[in-house]
Amino acid sequence: MIEKKINEMIKENSEKIEIPNSLKPEQVIEKLEKNNQKRRYFGKYAGIVAAIVCLFIGLDMIKDNVTERRIEKNDIVQQEKATIEEKVPVTTAKAKRELATIDNYDIVYDSIYSNTNLRQNAHGANLEGATDFFVPEEKTKEIYSDTNTQVSGIDEADIIKTDGNYLYVVKQDNIAYRENREVSIINVDNGKMDKVSTLSIKKENYHIVEVYLDENQLIVIGQQSEEKNGENKKNVACYDLYVMENYTTYMTIFDITDRSNPIKVKEYKQSGSYGSSRKVDEIVYLFTRFIPDATRDKEEIEAYIPYINQKPLQSDEIYLKEKGENQNAVVIASVSLKQLGKVIDKKAVYGGGDQFYVSKDNIYIYCEKWKETKNKSKIQTEITKLSYKNGEIIATDTCNINGAITDTFSIDENEGYLRVVTTCTSWSNKTSEETVWNALYILDSALQVTGKISNLAKGETIQSARFFGETGYFVTFKKVDPLFSVNLSNPDNPEIIGELKITGFSDYLHFWDENLLLGIGVEADKNGTEKGIKLSMFDISNPANVKEVDKIVLPCSDYFCEAMYNYKAVMLHLEQNQIGFSIGSYNEKRTKKFKSDFYLFKYENGTGFSYEVCPILEDEEEANIYYENVRGIMVADYLYVINASQGIISYYKGQDSSWEKISKISL
Amino acid sequence: MSIQVNEIEWEKTIKQAKKGDKEAFATMYKTVYQDLYKFALYTLGNQQDAEDVVSEATMNAYSSIKKLKEAKAFRSWIFKITANLCKRKMREYYKKTEQLNEYIEAPSYHIEEKEDLRRAMKTLDKEERLLIYLSVFGGYKSKEIAEILNMNVNTVRSKKSRAYEKLEKLLLS
């Protein structure tokens, strides 16, 4: 077998590798001893490990490997012709278009194969709440910055939420592996902060991922993992005994009418690891990824059929996309917040995909697949569309297009049409030669291609994209950054109308107003060598002639910036023309400690960009590596810089002065 | 490679380790540390980073050893911690130069590799290499890798087989 042979080659080569002394078992024992002592010394910082300080010292200046922004990117599958039959419409007044669901569980069972045992072992949450009657006082509505979401009107969860009066923070534990179990509720009032309560969910092997806020409800989404025995009951395939994990996603709803006394009112449970979610009109749509297991007997349904709140999905709630290749399923449920966690609808799509885009009317699940022909192999994206009106979820259409969606914002629905930009890759089977180019597709409401542009920007990949109405913008990059403008007003004939070539490239595009497009990204020289972080403002009043009217570059070569790969890390407070995000960096020669700060930018017509630096609360004893899980929130004229692992600093800016620290609080 | 341990002895050892016995933990560590380091080194391509990652993974594992239910799980569990730290580290290497996706070695990289093997691995992308190294040094199959990396198992299988095909053409033809 090829795999075996090549593995042996690599292993053989690795025999000569010398393990560094610091990793030898004797040294490790010493380190553990030292660590214990230090832990005792720091008291409440117990758990913060000395090794982490070492992590950044002595890192090579020259990074030898370039990262891909999303390692979790899912790619290639052997494509087999999927036969989806049109379901014969049930006699209702309106015949809806829908993909076929399955008739019975056997079909699912027979089409999957794998090899692990499943142990159901759910633990309930331990939370006691008092039931005092509490009347919240009326507070004036402050203007505050909110979570940066992809589609306006569709809320997305995050580690930090606010309603202008309180901050709700999922406390991050950067040390132990996945330990987040608490949410702190902090009252904010003109820069002053006061932690009024902490809610915690005590489950084994569970961690909180993110939260939603809905008036007087706090919705906590978390994931639990459970080890299962690698017992090969049916002697399927040939696995060694191992113990892997089984995932369940929980949504816990708290009544926080009395902010100082959160009360758990409902716990909702869904099979699978947490994929994503959205909140629209007081309904939460939860997407999980479920890995089925068919080494159990057919009767053990819980092994291969997803469960919601102790009940398995029914056959008429299951869509099966490809027979034989199915391993993972996407489980989608709509949960009503008005009706305290009642499930409105639920569906599972086996083989559906693992990335999500949600528009005002539809949910799109997509994944990358392989297509092999005699001479070539290429990447395709398979898209499944589901409608979700009022919580009713129906899979309607599916399609395949060329290329991979490399940026979340590359897919957008407008007036029934779906616009997608992809980066296409193909390999010659004979020479392994790779060709890369980009394409744009417009699909109608049945996911049929109406118009497309192909062979764009050969050799480059898409870095960012944003669509609005009848115009779209996207950025590709190899050495210079063409910012393409596309006219999408005619679905049969999309047209590139502009191509602005500038140095560097944007990682994230945001419409500032109807005439301006903001780009956050990287500056580079003419050869493509990176120079630092850049913000650009583009004048798009004439999309055929886009101009970069201002830019600001922070010269740094050795930095870490969450905004580059997580759009929720970007604070956009257009009411006050503000942009903010955290940057962690070393000084030029790495002689000083690693430091991270919150950069607050402002853009004004006429004067352009300016910025100020507001330090992030850090642990004074250790190097601050917390450039991740940092958010900035504006409430009225106060800036709260939240380091979700440590604490919060509030700042205030006077008329002609700079941002001044007001107070700080630990989490 | 990995040292075979008598199962009963293993259960005893992990019980001790959970009580905070560092020697016991070191015994468990002994069975995996070489593979962990090699995995991190090949994946990150940088000696110092690999050392840091394995060191951090070890500390994490030691401080949360009580959560480990099954002794048998130790190896895959610590591999998972390491793989995730590698992913985090790779995300930090955020530099887009025209050498996108190239397998560049730091001066300190001292693996004496066969030239053709090294050249062949260069043609793979970061993710493909991560999958292959988990397979080589971890001994994991696609489904296990999917669970370690929280990826779609279809994706893992195809990406892995595609990577091996590419390598086969270059190394075994």
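## Chain A in outline

Among the contacts in chain A that link residues at least 6 apart in sequence, 56% join residues at least 24 apart. This is a predicted model, and in it the secondary structure of chain A comes to 4 helices and 40 strands. Chain A has 667 residues, of which 59% count as buried.

## Chain B in outline

Chain B is built from 9 helices and 0 strands, so that reading along its sequence gives the pattern α-α-α-α-α-α-α-α-α. Of its 173 residues, 65% count as buried. When contacts in chain B between residues at least 6 apart in sequence are considered, 69% of them join residues at least 24 apart.

Helix 8 of chain B, which covers residues 142-149, shows what burial can look like along a whole element: 8 of its 8 residues are buried, so this helix is largely enclosed by the rest of the structure. The buried residues of helix 8 in chain B include the charged-side-chain positions B:Lys143, B:Glu144 and B:Glu147, alongside B:Ser142, B:Ile145, B:Ala146, B:Ile148 and B:Leu149.

## Where the two chains meet

How do helix 1 of chain A and helix 7 of chain B cross, and at what angle? The axes of helix 1 (residues 2-14) of chain A and helix 7 (residues 126-138) of chain B come within 10 Å and cross at roughly 75 degrees. Because angles from 65 to 115 degrees count as roughly perpendicular, helix 1 of chain A is roughly perpendicular to helix 7 of chain B.

On the side of chain A, the contact is made by A:Glu3, A:Asn7, A:Ile10, A:Lys11 and A:Ser14 of helix 1, while helix 7 of chain B contributes B:Ile132, B:Tyr133, B:Ser135, B:Val136 and B:Phe137. Sorted by character, the residues of this contact divide into 5 nonpolar, 3 polar and 2 charged.

## Two nonpolar cores

The largest nonpolar core has 66 residues, and those that touch the most other members are A:Ile10, B:Phe25, B:Phe39, B:Phe74, B:Ile132 and B:Leu149. Helix 5 of chain B, residues 74-92, gives the most to this core, with 9 residues. Two of the names in this core have already appeared in the contact between the helices, namely A:Ile10 of helix 1 of chain A and B:Ile132 of helix 7 of chain B, and B:Leu149 is one of the buried residues of helix 8 of chain B.

Leaving aside residues up to four places away in sequence, B:Phe25 touches A:Leu32 from chain A, and from chain B it touches B:Ala17, B:Thr58, B:Ala61, B:Tyr62, B:Ile65 and B:Phe74. A second, separate core has 41 residues, among them A:Leu500, A:Ile502, A:Met537 and A:Tyr603.

## A loop position in chain B

B:Gly20 sits in the loop between helix 1 (7-18) and helix 2 (22-30) of chain B. With 30% relative accessibility, B:Gly20 counts as partly exposed. Although B:Gly20 and B:Tyr62 are 42 residues apart in sequence, their C-alpha atoms are 8.4 Å apart in space.

## Strand 5 of chain A and two loops

A:His207 lies in strand 5 of chain A and is buried, with a relative accessible area of 9%. The C-alpha atoms of A:His207 and A:Gln223 are separated by 5.6 Å, while the two residues are 16 residues apart along the chain.

Most residues other than glycine have a negative phi. What is the phi of A:Glu215, and is the value positive or negative? Phi of A:Glu215 is near 55 degrees, a positive value in a residue other than glycine. A:Glu215 is found in the loop between strand 5 (206-214) and strand 6 (217-229) of chain A, where at 66% relative accessibility it counts as exposed. A:Gln310 also has a positive phi, near 70 degrees, and its place is in the loop between strand 11 (307-308) and strand 12 (311-312) of chain A. At 60% relative accessibility, A:Gln310 counts as exposed.

## Cysteines without disulfides

A disulfide is a covalent bond between the sulfur atoms of two cysteines. Over all chains, the structure holds 0 disulfides. A:Cys424 is in no disulfide, and the nearest cysteine sulfur, that of A:Cys399, is 13 Å away. A:Cys424 counts as buried because its relative accessibility is 1%, and A:Cys561, at 5% relative accessibility, counts as buried as well.

Notes
Residues numbered from 1 in each chain as written. Chains lettered and ligands numbered in written order. Predicted model: local features only at pLDDT ≥ 70, side-chain atom pairs only at ≥ 80, totals over all residues. Heavy atoms only, no water. Axes fitted to C-alpha atoms, helices over the stretch in contact; angles between N-to-C directions. Parallel < 35°, antiparallel > 145°, perpendicular 65-115°, else oblique. Contact = heavy atoms within 4.5 Å. Buried < 20%, exposed > 50% of the residue type's maximum accessible area, 1.4 Å probe, protein only. Disulfide = S-S within 2.5 Å. Core = buried A, V, L, I, M, F, W, Y, C linked by side-chain atoms within 4.5 Å.
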